[in-house]
Amino acid sequence: MADGAPVVALESTIISHGLPQPRNLEVARELEGIVRAAGAVPATIAVLDGVPRIGLDEAELERVATEPGLRKLGQRDLPVAAALKASGATTVSATSFLAARAGIRIFATGGLGGVHRGWAEDQDESADLDTLARTRITIVCAGVKSILDVPATLQRLETRGVTVAGYRTDTFPGFYLHSSGQPIDWRIESPAEAAAIMRGQDALGGQESALIVANPVPEDRQLDPELHDRVLAAALAAAEREGVKGQAITPFLLGYLVDGTGGASLEANLAAVRGNTALAAQIALAWARP
């Protein structure tokens, strides 16, 4: 950071909660390796014994991957974790907040949280959206998780003043799918254009909101769309039958998708994360250049 080197923030929830052992540690090392191979510096973020860690050494990475009972921490949980000296993996909201506090501008993840289906009934919405509305971070993602209400999420991002740009696409990515079918207003073709938008944000001032660079999973790596739609419909019906709501709904639906697709949804997720990490590193290099 002091030398002005390009740095890419990485979240830790995918390590502690998103993947089985020992593959989670292998993927954590792989993602850091993708950043380094591009000429940037990875900063995997987590909270250990109440202290936010911006960049983990090998022992800390192993701890996040293997320690049982590690908490999942959103931004609202950070002061509590600090006070109680708790350890936890950081979600998109917590990682965005901590990265920005540390002066890191680029963050790579898989997919964002958003507005849940049936919002009018229970008003279930991810804290990611509020954090991105007030945090100057560039987040490279493959859209929002397809279990969510994608049109409502895009509307909420617009209302909150969060810029969304498609990377070589005119439609919002569908996380496991190359496209959600929802159009987006802005398209960029290069990491340099993303960095130019970031400079424009700073030059204009105003609201300290995020830039979302929506980077679709390649079509040859996406989950089969018909399989996706069929399993997701069954998952939503099962959640309705079993009365699964609130914080339990996301892991329930994602777990159902993994089982119902024979693990293919997990592979599509990882393909998206790898692509997002590579693109984030390229944007970080373009941002670091004067």
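This tour moves through a predicted model, from its open and enclosed spaces to two helix pairs and two points of the backbone.

**Stop 1: the largest pocket**

Rolling a probe the size of a water molecule over the atoms reveals where empty space remains. Begin with the largest pocket, whose volume is about 1200 Å³. Select T13, K72, T91, K145 and T250, which are the closest to its centre among the 42 residues that line this pocket. Next, colour the elements that give two or more residues to the lining: α1 (13–16), β4 (71–73), α5 (92–101), α7 (127–133), α11 (249–260) and α12. Helix α11 deserves its own colour, as the largest share of the pocket lining, six residues, comes from α11. Colouring by class shows 14 nonpolar, 19 polar and nine charged residues in the lining of the largest pocket.

**Stop 2: the enclosed cavity**

How many cavities of 30 Å³ or more does a search of the whole structure find? The search finds one. The largest cavity holds about 90 Å³ of space. To display its wall, select L10, E11, I14, I15, A28, L31, E32, T44, A108, T109, G110 and V273. Two helices, α1 and α2 (23–37), each supply at least two residues of this lining. The largest share, three residues, comes from α2. By class, the cavity lining divides into seven nonpolar, three polar and two charged residues.

**Stop 3: the loop between α1 and α2**

Stay with these two helices and select P22, found in the loop between α1 and α2. The peptide bond from Q21 to P22 is cis, and its omega is near 0 degrees. For context, most peptide bonds are trans, and most residues other than glycine have a negative phi.

**Stop 4: the loop between α4 and β5**

Now select K85, in the loop between α4 (78–84) and β5 (88–90). What is the phi of K85? The angle is near 55 degrees, a positive value in a residue other than glycine.

**Stop 5: helices α10 and α11**

Two packed helices are described by the angle between their axes and the distance between the axes. Return to α11 and add helix α10 (residues 225–242): the two axes come within 9 Å and cross at roughly 135 degrees. That angle makes α10 oblique to α11. The crossing of the pair is right-handed. On the α10 side, select L227, H228, V231, L232, A234, A235, L236, A238, A239 and E242; on the α11 side, select I249, F252, L253, Y256, L257 and G260. The residues of this contact comprise 13 nonpolar, two polar and one charged.

**Stop 6: helices α9 and α12**

Finish with helix α9 (residues 191–204) and helix α12 (residues 264–288), which pack at an angle of about 55 degrees with their axes 8 Å apart. Are α9 and α12 parallel or oblique to each other? They are therefore oblique. In this pair, α9 passes α12 in a right-handed crossing. From α9, select P191, A192, A194, A195, M198, R199 and D202; from α12, select L279, Q282, I283, A286 and W287. These contact residues of α9 and α12 fall into nine nonpolar, one polar and two charged. Helix α12 also leads back to the first stop, being one of the elements that give two or more residues to the lining of the largest pocket.

How values were computed
Residues are numbered from 1 along each chain as its sequence is written. This is a predicted model: local features need pLDDT of at least 70, side-chain atom pairs count only at pLDDT 80 or more; totals for chains, interfaces and linings use all residues. Side-chain values use heavy atoms; hydrogens and water are left out. Axes are lines fitted to C-alpha atoms, for helices over the stretch in contact, and angles run from 0 to 180 degrees between N-to-C directions. Helices (H or I, at least four residues) and strands (E, at least two) are DSSP runs, numbered from the N terminus. Angles under 35 degrees count as roughly parallel, over 145 as roughly antiparallel, 65 to 115 as roughly perpendicular and the rest as oblique. A crossing is left-handed if the near helix is turned anticlockwise from the far one by less than a right angle, and right-handed if clockwise. Contact means heavy atoms within 4.5 Å. Ala, Val, Leu, Ile, Met, Phe, Trp, Tyr, Cys and Pro count as nonpolar, Asp, Glu, Lys and Arg as charged, and the others, Gly among them, as polar. On a 1 Å grid over the protein atoms alone, a cavity is a set of points where a 1.4 Å probe fits but cannot get out, and a pocket is an open set with protein on both sides within 12 Å along at least five of seven lines; lining residues have an atom within 4 Å of a point. Grid points are joined across faces, edges and corners, and a volume is the space filled by probe spheres set on the points.
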